[in-house]
Each structure stands twice: as structure tokens, then as C-alpha cells.
Amino acid sequence: MIKITNLEKFYRTEEVETIALNKLSIEIATGEFVAIMGPSGCGKSTLLNILGMLDDPDAGSYVFNEIEVAHFTERKRADLRKHNIGFVFQSFNLIDELTVFENVELPLIYTGVPSSERVKRVEEVLDKMQIMHRRNHYPQQLSGGQQQRVAIARAVVNKPKLILADEPTGNLDSSNGNDVMELLTDLNEQGTTIIMVTHSEHDARYSHRIIRLLDGQSVMENIMV
Amino acid sequence: MIRNYIKTAFRSLRKNKGFTAINILGLALGLATCLLIVLYVVDELSYDRYNTKINRIYRVNEDLKLGGNNVLYAVCMPPLAKTLKAEYPYVENAVRLKNAGTSHVKKGNFNISENRIAFADPSLFDVFTLPMINGNPASALVEPNSVVITETTAKKYFNSTNVVGKTLLLNDNTLCKVTGVIKDISKQSHFNFDFFISMASFPDSRSNEWLRSDYNTYVLLKDPSDAKKLEASFPELLKKFSGAQMQAQLNMSIDAFEKSGSFFRMNLTPLTDIHLHSNRSGELGPNGTTQYVYIFSAIAIFILLIACVNFMNLSTARSSNRAREVGVRKVLGSPRKYLIAQFLTESILVTLIATVIAFFVAALLLPLFNHLADKDIVITAQSLVWIVPSLLFIVVFIGSLSGSYPAFYLSAFQPIDVLKGKLAAGFKGGRLRSFLVVFQFSISIFLIIGTLVIYNQLNYIQTKNLGYNRNQVLIVQNIFELNNQAKIFKQEVKGLPGVVNTTMTGFLPTSNWKNTAIYFPDASRDQKRSMFPQNWEIDEDYISTLDMKMVSGRSFSRDMATDSDGIVINEAAAKFLGFKDPVNKTIYKSLGGNHTADNVKQYHILGVVKDFNFSSLRQNVSPVVMRLAENNGALSIRVNTTNLPALLSQIKDKWKSISPNVQIDYSFMDQEFDASYRTEQRTGQIFIVFTSLAILIACLGLFGLAAYAAEQRTKEIGIRKVLGANVSAIVGMLSKDFIKLVFISILIASPLAWFFMNKWFLQDFAYRINIQWWVLVLAGVAALFIAFITVSFQSIKAAIANPVDSLKNE
């Protein structure tokens, strides 16, 4: 599904140039659950942003579903992104002014799903995430675990092929964290490819494969059994 | 989708109640003020529009230049109206009005003093649109001693409007038959009378004199385009009709008259221009000036701009808080246009709410404003026809303008930057915001300086030595009511304790009595050297009663039998005549009529009185010639008493004993003086109100910005405090940025205000102040002070907060 080759990304300030990704090559197959680990500043988030088409690489190739996207325009990337990729953030990034239902509905609005279909799909996914009873609440009224469920619901409502999760349990206690990991595992079992950045060895154990980064390079891959 | 925008907008506004309130309040205040000013301006611009034939009505004016005198008249010769109608087929009709001054109208046993009386030709109701409730407009003013009155007047005298055929007794000697009742004349009319007496009642109206001007004359043209044709034909008309009389009286032809540098011309003023563009001698009432219309329009635009700037500033400042939302939406696939639409919806919603509030606030404040501006403005269904669409336009325009910055700026961000929080630093670099704050405060400081200048000028007028003393002078009007008893009244009043002196004449520096005559410095009566001064009739006590100063020579004296051939002139007249030592020189007064030796009277100059201001301080003192003659217009009484009420009642008793049926009518000279500057005073008050509002709105914005700045720098403040910064250091740090902007505003606004106040306002006064440096300094200090108070409120709040809380926030 994903094939990156010799991917490079630099950050420049006036005086220093930081190499975030250094000729990184990775391949991820459809249906995989991959964890990316590494110390702070190793390039995990940069990689995730590029994979999520939120950012573009400075050099190298990124093939997504057989399509070279490395030098796509923002508009094309956005288009590809909203149909194929769902995001889960550490800080949930729910919109405070919208209810649970409306937050989850948002991606469907942007992909032009008709209203009646939207209601059906949102309800379906809220049900699956067991937060149907909270549908009319605002994010501030929910616990962290519930907020992350809403965020996951929002990420999957469009039935994306790929979910990118950036420390999805980072702001949660261990019990809520485990629930979230179970949810992701279920999604993966139903066929969704998942790439997750994490600091937690515990969370990483849910994945099929761990890619360890250091200084923008892949230093080790563990295959989980 | 729209529903989604509105929903989100509403919730976002509700979530930030403070900002929303400041935004809406500031904008609503600005819009309300603006709306009031627009109503005022529209009112000023719509004078005389009640006339259905307005575009075809013109007033005929006369411009006279005689020697060194130049007079612009709003009045013309008595026979002009009928001549125009007879000579020019495209003149459909013509009408004359003549202000009849004050008369007494009997009601029961009492005489009521009325001063809104005019003589009018029968054609009045054909030219002007004055709907008649009762009576026949075509014939109402044909017969002598017929009178048409307004509805209110009819009710006042008869308690009914069905009064055609009833009579009114004027001045105890003239019985007038009511032949018509008209609707009250709109306040937006350049003339406003309660009584129209038929011109036929006034014998002078049949005069055939072509060299005098005292009738307000209007023509109704068949087609407005004929106005040019009519104006072009005036020189010929004058030659034909005035020529012979000029030959007889001045011994010269009109050509020779023009060749000598003098002229005698006529022109037209469209009815639409009279209220705002005409300020001639002989107007039927005080007109407005475009100056105030311009000044107030400018203020309205300024205030609206300040309010918009607030709105923009607060929206953009807050927009970085919205950045995360934008980022999330973009990650989820929102196209840019959706985000733009969302921000615009939000700002249009705010504008809409503010506009609705503004409309009601304006409607609520309208009576107060009417009182302040001496207007009678009402919001009618008719005015709503233009108010509502313009308000809607404002909603969309201001809403889009104010929302455009966050809409286009924020929506252009890369979601990754937004989510990483790269925008948080956006506030400090808010160059646009700094510019807008400077803009706002420049306007505020400009208005402060403007207000100070207007008040200084008013104060100057109040305290200027006018050449006479207007304090402690009681004026009893209409002494002519006492007939031959007037002199006895004067003697008796003079004998009362507390009365210093009295003088009997209607010609007072504060009154509207004016009379001009032609004088010549030598017997040749060369009109090139003629003088056209005020020609006043005074008595021996005039100069001393009014505390005027003689510069040379003496005033009139009872001991000198020959003083009736003497005159006292003012310094301006002495200068005009060009005499080095004017006392005992002889000057010659034209008596009108033919240019023969009998038609001139010689006067010798007894003395020169120091110039005194008798018209507005807008004009220089012009020449005045004062003759000794009996004039029973008014009795001025200089009093010196601590018990004025007692003295007043004694004077009233004396009046009553002589004239029990006529009510005494009195006033005080200083009040009459103040009344003539009421427009300026009113302008000053309106200016203060608007300036305060402008500053208030600007401060609201600054308050919001300061709150935001403090919020943005919460973490920095926390760290600084942990490292040992004290409260004053932090307040200073937070206030510094804003104070700097106010300083820049002072530098920009001061020279502009100095320039424009000189050019727009002070230039209108012949006697005016110089704008002092301290005015500029005071305005600057005031602005700094206000800004500092506003900002420091927020700064102090931020500075005394517990740093632990602010650091934990992260």
C-alpha cells in the first residue's frame, strides 16, 4: 500500500539545518498494523505527517496505492487524503464548538455524502464505539477516553483504507489507553491498515511490526508474533 | 451547509462571550451613532423637499456693489414678481413673501405677540406646496385683510380648524378675515410662518421702485432648464426698469454705473440650495451650512471606521485561537472556500446582531439627539425605505470586510503548521493590527483636538471684549406698543432704584434690526466713493448705557440743539471714509429720489465710537453711522441690583399701568447674544458627545486587544514572575507596546487636526483664536492617559495572577 524510497526532509532555520528524515525507505502492505518508535526528535511525527500527506518531502519518492504523491499539489493531496486516510491525534483535536455527532459527521460533509446517509453512518460508527449515548454532548463534557473514541469514530467514519495514529494513548490513563488499542486492533482486523507513532512499548505490542527510527533513519525492525 | 456555518458561528460566539460582547457592543455603538448622524445629514439635505414643484422653483437674488460696499441680497424689488410673470412666458408664476415682523394678535382680552407673520401674494399656494385644509387656495390671499393660518395657529386662537370666515384682530387696529387654514409647515422649510396676510393689505407692495430690495421673490418656471435663459435676461430687464430710476436718482445710466466698477445684478438660487447654500441679507430665517453637514458626515465615517477596525482587530487577534479548528477541518478534508464561508458567516452574523441593536439604540436615542441638535427627526415608514436596505448593505459590507482578514489569512494556512502551533507567535507580528490601532487613535485624538478648538473658540466669543457691555442689560421689546407714552415709560423706569441708565432704540448690537443708507464723503456724491453703512437711530443715552467707548469727539448731548444734524460713526466707518481726523467733518446722506440738491442731507461728525461687534463674530465689523432720532423699537435698561426680580416686577407694573392689554416682552442682552451662537454651542455639544463615543469605542477595542495580548503572553508572564519580575515591570512590559502606538497616533493626528480645524472651522470666524500648543499637548496626554488606563487594567490583572496557574496551563 505504501512504499517510500530515500525519503528526505529538512527543517531550516536561519542558522541551522536539521535533518528530520534521512534517505528513509519503508514499505507497508495493505492490512498491516505498524508501530513507529524512537526517541524524541527522531523524525517519527515528520514521517507520519508525510505519510498522511499533511506535509511533503524534500526528496525521495512516496507511492501510495501505486500513485506517486511526493510532489502532489496541496489540493490533490487533500483530495486523496480525505477519501483514504483517517487521523487520530494524541490531543484528540476535536472541535469544541461541535457536538460529538457533528464532529464525527464533519469528514462526511467534506466528502459530499448526502445528509440522510451521513446520519446513518455516524450513528453506526458511534454505536460501534459505544458512545451513542453521548452524541449530543460537547467534547469538553467527555472524559479523555471518550474523547479519543469520538476522534477514532471520526477517523473511521469515512471508511478510510489507512489510519494514522499519533500517540493515540498519550493523554489517556492505562485503562482507557487499552480500550483505544483494542479498538484499533479491531479496525485492523476488519482490514484497515494502521500506522501508529508511539512511545509506549506496551502499545507497540498490539502491532504486527515495529519500525524504530533514530536520527531520521530506520535502525531496526521487529516483527511481532 | 449554511446551517452548519451559522450553527458553528453561533456556538463560537457564545463560547467567547467577552470578545463577542465587546465586538457587538463596539460595533452597535458605532453604527447607532452613525445612523443618528446620517439621519441628521439626510434631514439637512431634504429641506424644502415637501414642495412637489421643487425643481422648478427658484428664488431671485440681487447682488449689489456700490463703491467699496458689496451686499448680497435674498430680496428683490417690489415690482419684480409681477414683471417677471408678465414679461417671460416661461415663468409660470411668481410669488413674493415679506416678513411682517412682530404683531399682536388678540385672543379674548389678551394680545399675544406673534413673530411668524408674512405678507404673501395670492400665488403662494400655486408655487409652494402648502396643503389647505379649509378654504380656497386660489382666492384665499386675493382680498386685502385676508389671512391664512396654520392648523396649530387655528387651534390656538379658535380651538378648531374650521374657522374660515372668522376674524383676527391684529395690533388692536387691523381686522383680518381668516380665508384659509393650511397644514403646519414642515420644519424642513427655509421659511416658517404661522400667518400669511394677503399682500394687498400692505400698500408698500404696490410700490414701483426698482432701486430697493425688500421682497423675497420666487419664480415657478415651466421647465427647470429655463433658469439659465431667465438669468441671462436679467441685465436687459434691469436696464429697462431700473435704468430710468437710476438716471433720476444717481444721475447716471446703468452702463455708466457698471463702468465705474459698481454693479447691480440679479441671479437665481434653486429652492433646493437655499437651506444649505444661501446666507444672504434678508433671508426668511436662519439657514444651515454645508460646513456642519460635512463635519458631521466626516465624524460618522470616522466613528464607523473605528468600530470596524475594532471588529477586525479583535477578530484577527482571536483568529489564532481558531487556528487549531482550521487545522482540524483541513485535515479532515475541508476545502478552503468552506472555511472562508464559515468565517464570513460568523462576522456577518456579528454585524447583523450589532446592526439590529444599533437600530433600536438609535431609535431610542433619537429624542435625546433631536433635543441636542434642535431637530424634529422621526423614523417613518418612508425613511425605513432607505434605512433598511442601507443597513443590510452595511451588514454585508462591514461583515465581509471585517471577516475577510481571518477568512482569507487563516484559511490559507497549511494544516500541519497550524496543528504544530506555529501560529501562536502570530500576535506579536500583528503589523496590520498596530497600524489599525494607530489609525483609531489618530481619529480619536483628532476629535479631541477638534472639540477643544471648538470650545476654545466659543469661550473666546463669550469673553471677547465686544466694544459694549452686554451684561446686566434688560431689553423691553416693542416699546412702540406704548405709542406716545414710550418716553414717559423710559423716564419712569430710569427713575427706579437699581436702574443705571436707559436707552430707547431698536438698533442694538444683539438685535436683528438692521437699516442701511448711502452716505458720501463729499458733496459731489460720486457713487464710487459712497459708503453703505448700517444707519442706526439712537438717543443721547445710547453710548453710555451700552458702555461703548468714544475714541475721539463726543456722543450726542441734550444740551446741544444742533445735534440732530450730527452723527457718531464707528472706527470702521472712519476708516472707510478715509478721514485722518473725522471729528467735525461733514458727510452727505442720500435721501433717495432724484439726484438734486434737496435730496441730500448734510451731517457733521461729532465723534467716533470704538468698533463694537453687532453682527456675528464670523464677520468683521462693518461701518456704522448713528443718528440722533427717536426710535421706539426697544428700551434697553442697564441695571445694577442684587434684587432683579423686584426690579422686574416694578418695570412690569409700570408697563401694565400704561398698556394693560399688551403683555410686556423682555429679554436679557447677554442671553440674546448667546442665542446667536446657539448653532456653535450646539455643534460643540454634539462634537463632545461624538468624540466621547469615538474614544469609548476605540477603548473598547484596545481593551479587547490588551486582554488578548495578556492572554497570549500568559506563559511568558509566568516565567518572568518565577524568575523574579515584579508586577510593575510586567505591567510596563505589557503596556509599552500600546502606549508606543498611541504616541505615533499623536504625531500623526496633531498636525492634521491643526490644519483641518483652521481650515474647516476657524476660518469662518473673522475673530478667532489661534490653536495653542497646549491644546495639542492636552489632547495627546488625554489619549495617553485613557489608553494607559484601558491597557493597564488588563496588564495588572495578568501581572498579579499566580504564575503557577499560568505555567500549568501549558
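In chain A of this predicted model, the helix α2 (74–84), the strand β6 (85–88) and the helix α5 (144–156) each supply at least two residues of the lining of the second largest cavity. The largest share of that lining, four residues, comes from α2(A). The volume of the second largest cavity is about 100 Å³, and of the 14 residues that line the second largest cavity, those closest to its centre are Lys82(A), Ile85(A), Gly86(A), Pro107(A) and Leu332(B). Both chains are therefore represented among the residues closest to the centre, given that a lining residue has an atom within 4 Å of a cavity point. By class, the lining of the second largest cavity divides into seven nonpolar, four polar and three charged residues.

Rolling a probe the size of a water molecule over the atoms shows where empty space is left. In the structure as a whole, four cavities of 30 Å³ or more are found, and the largest of these cavities holds about 160 Å³ of space. The lining of the largest cavity is made up of 15 residues, and nearest to its centre lie Ser315(B), Arg318(B), Arg322(B), Glu346(B) and Ser347(B). Two or more residues of this lining are given by each of the helices α2 (17–45), α9 (290–331), α10 (336–373) and α11 (381–411) of chain B. With five residues, α9(B) gives the most to the lining of the largest cavity. The lining of the largest cavity comprises six nonpolar, six polar and three charged residues.

Two residues other than glycine were examined for their backbone angles. For Met53(A), phi takes a positive value near 60 degrees, and the residue is placed in the loop between α1 (44–51) and β4 (59–64) of chain A. Met53(A) has a relative accessible area of 1% and therefore counts as buried, the limit for that class being under 20%. For Asn584(B), phi is likewise positive, with a value near 75 degrees, and Asn584(B) is found in the loop between α16 (571–577) and β20 (586–590) of chain B. Asn584(B) has a relative accessible area of 59% and is therefore exposed, since that class begins over 50%.

With regard to the cysteines, zero disulfides are present over all chains of the structure. Cys308(B) takes part in no disulfide, and the nearest cysteine sulfur, which belongs to Cys34(B), is 8.9 Å away. Because a disulfide requires two cysteine sulfur atoms within 2.5 Å, this separation does not qualify. Cys308(B) is buried, with a relative accessible area of 7%, and Cys76(B), at 0% relative accessibility, also counts as buried.

Confidence in the prediction is described both for the complex and for chain B. The predictor assigns the complex an ipTM of 0.77 and a pTM of 0.77. Chain B has an average pLDDT of 86, and 96% of its residues score at least 70. Over residues 424–429 of chain B, however, the pLDDT is below 50, and this stretch has 10 contacts in the model beyond near neighbours in sequence. Where pLDDT is low, the predicted coordinates should not be read in detail.

Definitions and conventions: Residues are numbered from 1 along each chain as its sequence is written. Chains are lettered from A and ligands numbered from 1 in the order in which they are written. This is a predicted model: local features need pLDDT of at least 70, side-chain atom pairs count only at pLDDT 80 or more; totals for chains, interfaces and linings use all residues. Side-chain values use heavy atoms; hydrogens and water are left out. pLDDT is the predictor's confidence in each residue, from 0 to 100. Contact means heavy atoms within 4.5 Å. Buried means under 20% relative accessible area, exposed over 50%, partly exposed in between (1.4 Å probe, protein chains only). On a 1 Å grid over the protein atoms alone, a cavity is a set of points where a 1.4 Å probe fits but cannot get out, and a pocket is an open set with protein on both sides within 12 Å along at least five of seven lines; lining residues have an atom within 4 Å of a point. Grid points are joined across faces, edges and corners, and a volume is the space filled by probe spheres set on the points. Ala, Val, Leu, Ile, Met, Phe, Trp, Tyr, Cys and Pro count as nonpolar, Asp, Glu, Lys and Arg as charged, and the others, Gly among them, as polar.
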